[in-house]
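Please look at the structure shown here and read the report that follows alongside it. The account takes up one residue at a time and then moves to the helices.

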Amino acid sequence: MVLPMSAVNAFTEEVVFRLSYVTSTENAGLSPTWAMALGSLVFGFAHFGALLRNGRLVLS
């Protein structure tokens, strides 16, 4: 049950976050390539922040 729910969560997160970000940046006049690149960076930094606790990288 955990694996299917994880897959649904990942898919939903990708669609909701990236689609809204890429659409809004494209509407602002950026090319689709730049929109995807910026969306990927913001998405990555948002998830990287979850690994930081008290300014230290936590991998466990």
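Ser 24 lies in helix H1, and in this predicted model Ser 24 counts as partly exposed because its relative accessible area is 40%, a value between the cut-offs of 20% for buried and 50% for exposed. Val 15 is also found in helix H1, and its relative accessibility of 34% makes Val 15 partly exposed. The two residues can be set side by side in a table.

| Residue | Relative accessible area | Class |
|---|---|---|
| Ser 24 | 40% | partly exposed |
| Val 15 | 34% | partly exposed |

Val 15 belongs to a nonpolar patch on the surface, which Val 15 forms with Phe 11, Val 16 and Leu 19, and the accessible area of these residues together is about 400 Å².

From Ser 24 we can step to Ala 35, which is 11 residues away along the chain, while the C-alpha atoms of the two are separated by 8.5 Å. Ala 35 is one of the buried residues of helix H2, together with Gly 39 and Phe 43. These buried residues cover an arc of only 60 degrees around the axis, which means that they sit on the same side of H2. There they pack against helix H1, residues 2-27, whereas the face of H2 turned away from this buried side carries the exposed residues Thr 33, Trp 34 and Phe 45.

How far apart are the end C-alpha atoms of helix H2? They are 24 Å apart, which agrees with the span of 24 Å that 17 residues, numbered 32-48, should have at 1.5 Å a residue.

Definitions and conventions
Residues numbered from 1 in each chain as written. Predicted model: local features only at pLDDT ≥ 70, side-chain atom pairs only at ≥ 80, totals over all residues. Heavy atoms only, no water. Helix = DSSP H or I, 4+ residues; strand = E, 2+ residues; numbered from the N terminus. Expected span 1.5 Å × (residues − 1). Buried < 20%, exposed > 50% of the residue type's maximum accessible area, 1.4 Å probe, protein only. Arc of directions from axis to C-beta. Contact = heavy atoms within 4.5 Å. Patch = residues over 30% accessible without salt bridge, like charges linked within 9 Å, V, L, I, M, F, W, Y side chains within 5 Å. Areas by Shrake-Rupley, 256 points an atom, 1.4 Å probe, with all protein chains shown as cover. Salt bridge = Lys/Arg side-chain N within 4 Å of Asp/Glu carboxyl O.
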